[in-house]
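Biologist: Please take a close look at the core of this protein, and set it in its surroundings. Explain each term as you go.

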Amino acid sequence: WDNLFDEEILQAIHDERQQPHREPGLSFPQAVSERLVALSYKLAQHRSRESPFAKKAKAAGYRFIGGKMDDVTVVVCSIVREPEPDS
């Protein structure tokens, strides 16, 4: 991720899970993905934030401060266990 740290992603998932009301027809994975896209876009515009991209650039010897404006793609899936067949 260029603009979100793992902890921020986990917090967004947690926050979405705590939402008492979700738009009708909006699945949990879709709601999480929309939240992550909005957050990533917002933080990409932040000019003074030490983003994950900025930290990686610094480690590679480059000077970069702020978020990284780029396309934003998020894929969220939900893994569920199929019920055991009745024996």
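Modeller: Two residues are in contact when heavy atoms of theirs lie within 4.5 Å. Among contacts in the protein between residues at least 6 apart in sequence, 57% join residues at least 24 apart. This is a predicted model, in which local features need pLDDT of at least 70 and side-chain atom pairs count only at pLDDT 80 or more, while totals for chains, interfaces and linings use all residues. Residues are numbered from 1 along each chain as its sequence is written, and side-chain values use heavy atoms, with hydrogens and water left out.

The frame comes before the core. The protein has three helices and zero strands, so its elements run α-α-α from the N terminus on; helices (H or I, at least four residues) and strands (E, at least two) are DSSP runs, numbered from the N terminus. The C-alpha atoms fill a box of roughly 60 × 30 × 20 Å, taken along the principal axes. The radius of gyration of the protein is 17 Å, whereas a compact globule of 87 residues would have one near 12 Å. That radius is taken over C-alpha atoms, and the globule rule is 2.2 Å times the number of residues to the power 0.38.

Next comes burial. A residue is buried when its relative accessible area is under 20%, exposed when it is over 50%, and partly exposed in between (1.4 Å probe, protein chains only). Of the 87 residues of the protein, 25% count as buried. The protein exposes about 6900 Å², and carbon and sulfur atoms supply 52% of this area. Accessible areas come from the Shrake-Rupley method with a 1.4 Å probe, and for residues only the protein chains shown count as cover.

Now the core itself. A nonpolar core is a set of buried Ala, Val, Leu, Ile, Met, Phe, Trp, Tyr and Cys residues joined through side-chain atoms within 4.5 Å. The largest one has seven residues: Leu4, Ile9, Ala12, Val32, Leu36, Leu43 and Val74. At least two residues of this core come from H1, and at least two from helix H2 (28-44). H2 gives the largest share of this core, three residues.

Two residues of helix H1 (residues 6-17) deserve a look, and glutamate 16 lies in that helix. Glutamate 16 counts as buried because its relative accessible area is 8%. Not counting residues up to four places away in sequence, glutamate 16 touches Arg22, Phe28, Ala31, Val32 and Arg35. One of these, Val32, belongs to the core. The other residue is alanine 12, a core member. With neighbours within four places in sequence left aside, alanine 12 is in contact with Arg35 and Leu36.

Helix H2 also holds alanine 38. Alanine 38 counts as partly exposed because its relative accessible area is 47%. From alanine 38 to aspartate 71 the C-alpha atoms are 12 Å apart in space, with the two positions 33 residues apart in sequence numbering.

Helix H3 (residues 52-59) has the buried residues Pro52, Ala54 and Ala57. Just after H3, glycine 61 takes a positive phi of about 95 degrees.

The segment after H3 includes valine 75, and the core residue Val74 comes just before valine 75 in the numbering. Valine 75 counts as exposed because its relative accessible area is 75%. Valine 75 and valine 32 are 43 residues apart in sequence and 9.4 Å apart in space, C-alpha to C-alpha. Cysteine 77 lies in the segment after H3 and counts as exposed because its relative accessible area is 60%. Its C-alpha is 32 Å from that of phenylalanine 64, and the two residues are 13 apart in sequence. Glutamate 84 is in the segment after H3 too, and it counts as exposed because its relative accessible area is 64%. Glutamate 84 and valine 74 are ten residues apart in sequence, and their C-alpha atoms are 31 Å apart.
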